[in-house]
Amino acid sequence: MKQVVLGTAGHIDHGKTSLIRALTGIDTDRLKEEKLRGITIELGFAHMVLPSGERLGIVDVPGHERFVKHMVAGATGIDLVALVIAADEGVMPQTREHMEICELLRVKKGLVVLTKTDLVDDPEWIEMVKDDVATFLKGTFLEGSPIIPVSAVKGEGLEELRATIDRIVSGIEARSPDGPFRLSVDRVFSMRGFGTVVTGTSLSGKLKVGDPVTIYPSMHKTRVRGLQVHNQEVQEIYPGQRTAINLQGIERLLIQRGEVIATPGALVATHMVDVHLHLLASSPRPLKNRAKIRFHTGTAEHIATAVLLDQEEVPPGQEAFAQIRLDHPIAALRGDRFVMRSYSPVQTIGGGSILHPLPIKHKGHHKIEAAKGLEVLLRGDEPSIILWHARDASAQGLSEDQLRLRANVPSKVLEKSLQQFISQKKVILFDKENRRLLHAEVLEELKTTILGALAEHHRKFPLKTGMAKEELAAQLPETVDAKLYNFVLRQRFEEEQIAQEMEWVRLTSHKIDLTKDEEGIREKIEKAFKDAGLQPPFVKEVTARLEGTPRQHQDVLEWMLSQGILVKVKEDIYFHSGALNELQRKLVEFLREHGEISTPQFKEMTQASRKYTIPLLEYFDTQRVTIRIGDNRRLRESRVSGG
Ligand SMILES: Nc1nc2c(ncn2[C@@H]2O[C@H](COP(=O)(O)OP(=O)(O)OP(=O)(O)O)[C@@H](O)[C@H]2O)c(=O)[nH]1
Ligand SMILES: [Mg+2]
C-alpha cells in the first residue's frame, strides 16, 4: 500500500484547519489556546480515505508568522502540499514564505485550494484571483498545478478537491522500504497506561513492534512497544506513514521534538555539517560569512553559525558551499534538506541540502579546497561519492559502516561499488575482520612516507642497521593505527622493499659498507678489544689515539655492536665477542660440573678486576645463561635440561 502524506500551507486565517475539518471531520486544533484564539499554534494531524480507497495522512500547519518554525517541522516528509489561499485576500506574506519553504524542502507535488469562495459573490473576482495565483506560481514546483475553489462553510468544491488530490496521489511513487528506519519526532506525549508516545512521518525503512531503536542525538536506547497509523494499531510501519510509536520504559521528558528515532547505528550525532545552500532572492540582505542563523532540518531547529567556504558573502538568489556549526547536535544524513531562517528578525532566508554529516572543521585557506571537494558530493554519482569519502578519511581509514553513514547510498550500491573499487585496487581493505578501508592514494602516500623516512635515516646513519619500528611509526600521521601501520609494513616486506632484523626496519637496498677510513678505525678498535680480552679498555681511551672524527668513531662502534663484534655489557663497558664467548663456555662447563659458582670463584675464572666481574655476572643473568640464587649463580634450568 502506498503511504502518502499531505501538508497544508498558507497565510494565517486563510482556512487551512477549516478545510481539513470539512474534508475529514477531524478538528486538528486540539489545544485550549488554539480554540480560544481561533488560530493554529501546533501541528495538527488528520487522515482520510480518498475516492480510490487510498489512505491519506494529513498534517495541518499554523499560518501565524510566529509559528513558521512549526510549519517547517510539519512540512518535513510530506509528499504533497495543499497551498491554501483565501479568495478574498489572495497571496499574502506567509503564502510566499510557506511556498519558499516547500521549495527549499523539495516538496515535489501539490495544488492550490482557493478557500472562502462564499465570501466573494463575483465569479469574475474568483477568475482574477486564480490568474493572480497562477502568476505567483510561475517558476515554482507548483507552476501549472490545479487551483480548486472551495467553501468550507458551504461545502462547495470539496468533491472536486478530493478527486484532484486522488489524481495527484496516484502519480506519487511509493517510497522504498530499504535502508534503516528513520522518523523525525514532531510530537511527544505520554498516555496513561501506555507511557511515552512520539509521532512523526517515517522517512525510510520499516519498523516492527519489539524492534530496538536509538533516539538521536541523545543516544537513548529503547524498544518499540506499540505502533499506530491513523489511530489504528499495526504490527509494522512503512516509509511515508504518519506514525505514533509507543516507546518502552522511557520518560517523556527525555525526548524532544526534533530528535530522530532510528535503527540503532543508522545515524550519528553531529555538531557540524557541510552543506550546499541557496539564499532566497527574497532575502532582504546578503548572507555574511559566520552569520548566526536558525537551522531547521527534519523537525529540529537549532541556532548555528554559517561558515562560508568559498566567498565572504552570498548575495540574495545565489548559492554557496558552507559549513554549518550548530549549538546543539543533530542527526542528519547526506541528501537531507534544510531551511535557514535569519536570527533576528526571524525570517526564512534560504536552505539547501546536507552534503557531509561528519566533516572536519574547515579553517583558513583549507576552506577553498573543502568547497572544491564538496562539488563531488553535490554533483557526483553514488560511486564517486563513495570513493570521495574513502579519500576524505585519509590515513585514518574508515569502516564500511562509517562509510555508509557518510555516503548514505542504498546498501546494494554501496556493496557493489566497494567490491568493484577493491578489485580495481582503488580502495584497499586493510582490515578484513572489521571491514576497514583505505583509499589507494592514501596507501601510496603512507608507503612514500615510510620509504622516505628510511632512506633519510640511512643517509644520516649509514652504519646503522635501520630504524626502530616505533621510531619509524612516529614519522607517520598520528591517526595511523597499529593495524594499518603493520599492513603497510607487511606489504613492503612482501614487495621486498624493506626488511626487518630484530626490531630494526631497513630498506632492502641499504647495505652497510664501511669506507676505507672507517675500516681502518674498525680494525684498530677491534684489535684493542681483542688483545685486552676480559680486561677491556674504555672506548674513549682507544679512540683518542685514532684518526677520524668522534662521529665516525661512534658510527663504527655502533656498527660493530650491530654486527655483534663488540658486546655492550654495561654502560661504557664493552667486550670483544670472542672473549665473552670463551668466558661463557668456561662458565657453563664449570656450572655443569659444580652446580654453582660464587663471585670469588668467578673472579678467579676471569682473572679480571671486580669492576668487570659484577657486570659480567649480571650480564649472564640478563642473557638467561645463569640465575642468581643468594650470592651464587646456577645454570638456568632450561639450559641444563636443554643440554
Ligand atoms: N466564510 C468562510 N469562512 C471560513 C471558511 N474557511 C474558514 N473560514 C473561517 O476563517 C477563519 C480561520 O479559519 P481557520 O481554518 O482557522 O484558518 P487557518 O488557516 O487554519 O488559520 P491558522 O491555522 O491560524 O493559520 C475561521 O473563523 C473560519 O471559520 C470558508 O470557506 N468560508
Ligand atoms: Mg489552522
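**A predicted structure with a bound ligand**

An oxygen atom of ligand 1 is placed 2.8 Å from a polar backbone atom of Gly-63. This and every other value in the text belongs to a predicted model, in which local features require pLDDT of at least 70, side-chain atom pairs count only at pLDDT 80 or more, and totals for chains, interfaces and linings use all residues. Residues are numbered from 1 along each chain as its sequence is written, chains are lettered from A and ligands numbered from 1 in the order in which they are written, and side-chain values use heavy atoms, with hydrogens and water left out.

The ligand offers a suitable point of entry. The pairing with Gly-63 is a polar contact, a term that denotes a pair of N or O atoms within 3.5 Å; within protein, one atom must be able to donate a hydrogen and the other to accept it, and residues adjacent in sequence count only if both atoms are side-chain atoms. Polar backbone atoms of two further residues also lie 2.8 Å from an oxygen atom of ligand 1: one belongs to Lys-16 and one to Ala-152. On its own, ligand 1 has 650 Å² of accessible area, of which the protein covers 80%; such areas come from the Shrake-Rupley method with a 1.4 Å probe, and for residues only the protein chains shown count as cover.

The shell around ligand 1 holds 17 residues, the closest being Thr-17, Ser-18, Thr-40, Asp-118 and Ala-152; a residue is near a molecule or strand if one of its heavy atoms lies within 4 Å of it. By character, the shell comprises six nonpolar, seven polar and four charged residues. In this division Ala, Val, Leu, Ile, Met, Phe, Trp, Tyr, Cys and Pro count as nonpolar, Asp, Glu, Lys and Arg as charged, and the others, Gly among them, as polar.

Gly-10 leads back to two of the residues already named. Its place is in the loop between strand 1 (4–9) and helix 1 (16–24); helices (H or I, at least four residues) and strands (E, at least two) are DSSP runs, numbered from the N terminus. Because its relative accessible area is 0%, Gly-10 is buried, a class that means under 20%, whereas exposed means over 50% and partly exposed lies in between (1.4 Å probe, protein chains only). Leaving out residues up to four places away in sequence, Gly-10 touches Lys-16, Gly-63, Leu-83, Val-84, Gln-94 and His-98, where contact means heavy atoms within 4.5 Å. The C-alpha atom of Gly-10 is separated by 8.7 Å from that of Val-91, although the two residues are 81 apart along the chain.

Asp-166, in helix 6 (residues 158–170), shows another approach between segments distant in sequence. Its C-alpha atom lies 9.2 Å from that of Gly-53, 113 residues away along the chain. Beyond four places in sequence, Asp-166 touches Leu-50, Pro-51 and Ser-52, and it counts as buried because its relative accessibility is 12%.

Helix 7 (residues 366–379) permits a check of geometry. At 1.5 Å a residue, its 14 residues should span 20 Å, and the 21 Å between its end C-alpha atoms agrees with this; the expected span is 1.5 Å times one less than the number of residues. Which residues of helix 7 are buried? They are Lys-367, Ala-370, Ala-371, Gly-373, Leu-374 and Leu-377. An α-helix has 3.6 residues a turn, so residues three or four places apart point the same way. The cover over the buried residues of helix 7 includes strand 17 (270–279), strand 20 (300–308), strand 22 (319–330), strand 24 (348–356) and helix 8 (382–392).

Strand 24 also contains Ser-353, which counts as buried because its relative accessibility is 12%. Its contacts, not counting residues up to four places away in sequence, are Val-275, His-276, Asp-336, Arg-337, Phe-338 and Leu-378. The loop between strand 23 (337–342) and strand 24 holds Pro-345, which a cis peptide bond joins to Ser-344, with omega about -10°.

Other loops show backbone features too. A second cis peptide bond, with omega about 0°, links Tyr-216 and Pro-217; Pro-217 is in the loop between strand 11 (212–216) and strand 12 (220–229). Arg-290, not a glycine, has a positive phi of about 70° and lies in the loop between strand 18 (287–288) and strand 19 (291–297). Lys-425 likewise has a positive phi, near 60°, in the loop between helix 10 (411–423) and strand 26 (427–431); at 62% relative accessibility it counts as exposed.
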